[in-house]
Amino acid sequence: MSRDIECVEEKRLDLLLRPRRNRVSAAVRSLVRETELQASDLVLPLFVLEGRQQQQEIKGMPEVFRFTPDLLVREVEKAYQLGIRAVDLFAVTDKQLKDPEGSYALCRDNLLFQTIAWVKREVPEMCVMVDIALDPYTSHGHDGLVNEDGEIVNDATVHALAKMSVLAAEAGADIVAPSDMMDGRVRSIRCALDAEGHHQVGILSYAAKYASALYGPFREALHSAPSFGDKKSYQMDPANVREALRECALDEQEGADMLLIKPALPYLDVIAKVRAATQLPVGAYHVSGEYAMVKAAAAQGWIDGDRVMQESLLSIKRAGADFILTYAALQVASKL
Ligand code: PBG
């Protein structure tokens, strides 16, 4: 036994190239690091609830809450202090306010638009993004209008989304983020914004959004799960990547300022390919189910949740994302 060890020590391999030299110390590793995650890469999604001085827990999303606007503004301030420069707002709609047309989405003084104005008044430097889709407002939970045959109608939905975008811009939104996957909505939104003088308002298009099983906790947060059918006639088939490139190219032609891929970690190949195919900024949405999986395993003591979360977000950036929407934005930014 001891003779074997001596033998290993004496017999150095004749290696000219030893990649480990570049990993020899923390100092060297920091010199050669290719990707660095920063707080300013992160976008914090926030759920807003009607009322005052309330926060509610969300099943499946530990440490994430629905906040009334007064408390939500404090979260935005906290985020800004940590170096986060963008938030994405989602409104919880009371059941009585929902109808098949999602008409509350187009009420000028609805909760979402009031909250945008409130946030821009209190933290004007923060970039406010707003999700544009009808699903939180429709009684059936679909992102679009539904006809007698139960089909999701494209063109009429696009008109509603363009109106919703203009109202969001009037309330002070910096970026509108259509998440519905209807055809032609980016062009219609761009034209409607420009016609109303909102040339400075950007469009972050959810260009490649998949019909994923990872949106469950989000739908719980907004009580927005579809009451019939699924979203496969508008959201993309997880099997496809060429189709994602086509969707991204179309949205770019239609005037999108930034493209979003969603979900993130199971779709790193899509992020990398889109990154190579466009000069536009590319974002990725680390969605509710991805967040939930990390938190659930961490709660069992099976993984180190903080480290897995950081590694996940770093990998999304390494794949090619310029920025990441993540519910862990505050937690991660406070540890960077
Ligand atoms: C609304 C929307 C959804 C998400 C973002 N915007 C849900 C859906 O399309 O059903 C999911 C985000 C998440 O799971 O974190 N269209």
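**Exercises on the ligand site and the backbone**

A polar side-chain atom of S288 lies 2.7 Å from an oxygen atom of the ligand. The structure is a predicted model, in which local features need pLDDT of at least 70 and side-chain atom pairs count only at pLDDT 80 or more, whereas totals for chains, interfaces and linings use all residues. Residues are numbered from 1 along each chain as its sequence is written, and side-chain values use heavy atoms, with hydrogens and water left out.

**Exercise 1.** Identify the side chains with a polar atom beside a nitrogen atom of the ligand.

*Solution.* Step 1: a polar contact is a pair of N or O atoms within 3.5 Å; within protein, one atom must be able to donate a hydrogen and the other to accept it, and residues adjacent in sequence count only if both atoms are side-chain atoms. Step 2: S179 places a polar side-chain atom 3.0 Å from a ligand nitrogen. Step 3: for K262, the distance from a polar side-chain atom to a ligand nitrogen is 3.3 Å. Step 4: of the 400 Å² of accessible area that the ligand has on its own, the protein covers 100% (Shrake-Rupley method, 1.4 Å probe; for residues, only the protein chains shown count as cover).

**Exercise 2.** Describe the residues that surround the ligand and state where the ligand sits.

*Solution.* Step 1: the ligand is surrounded by 18 residues, and the closest are K209, K231, K262, S288 and Y327; a residue is near a molecule if one of its heavy atoms lies within 4 Å of it. Step 2: this shell divides into 8 nonpolar, 3 polar and 7 charged residues. Here Ala, Val, Leu, Ile, Met, Phe, Trp, Tyr, Cys and Pro count as nonpolar, Asp, Glu, Lys and Arg as charged, and the others, Gly among them, as polar. Step 3: the largest cavity holds the ligand, where sitting in a cavity requires more than half of the atoms to lie within 2 Å of its grid points. A cavity is a set of points, on a 1 Å grid over the protein atoms alone, where a 1.4 Å probe fits but cannot get out.

**Exercise 3.** Determine which peptide bond is cis, and locate its proline.

*Solution.* Step 1: most peptide bonds are trans. Step 2: the bond from K262 to P263 is cis, with omega near -10°. Step 3: P263 belongs to the loop between β10 (258–262) and α9 (268–277); helices (H or I, at least four residues) and strands (E, at least two) are DSSP runs, numbered from the N terminus.

**Exercise 4.** For Q53 and M181, establish the sign of phi and decide whether each residue is buried or exposed.

*Solution.* Step 1: most residues other than glycine have a negative phi. Step 2: Q53, which is not a glycine, has a positive phi of about 55° and lies in the loop between β1 (42–48) and β2 (55–57). Step 3: phi of M181 is also positive, near 70°, and M181 is in the loop between β8 (175–178) and α6 (185–195). Step 4: buried means under 20% relative accessible area, exposed over 50%, and partly exposed in between (1.4 Å probe, protein chains only). Q53 counts as exposed because its relative accessibility is 60%. M181, at 5%, is therefore buried.

**Exercise 5.** Find the distance in space between P62 and A292.

*Solution.* Step 1: P62 is located in the loop between β2 and β3 (65–67). Step 2: P62 counts as partly exposed because its relative accessibility is 38%. Step 3: P62 and A292 are 230 residues apart along the chain, and their C-alpha atoms are separated by 7.7 Å.

Note on methods
1 Å grid on protein atoms, 1.4 Å probe; cavity = no way out; pocket = protein on both sides within 12 Å on 5 of 7 lines; lining within 4 Å.
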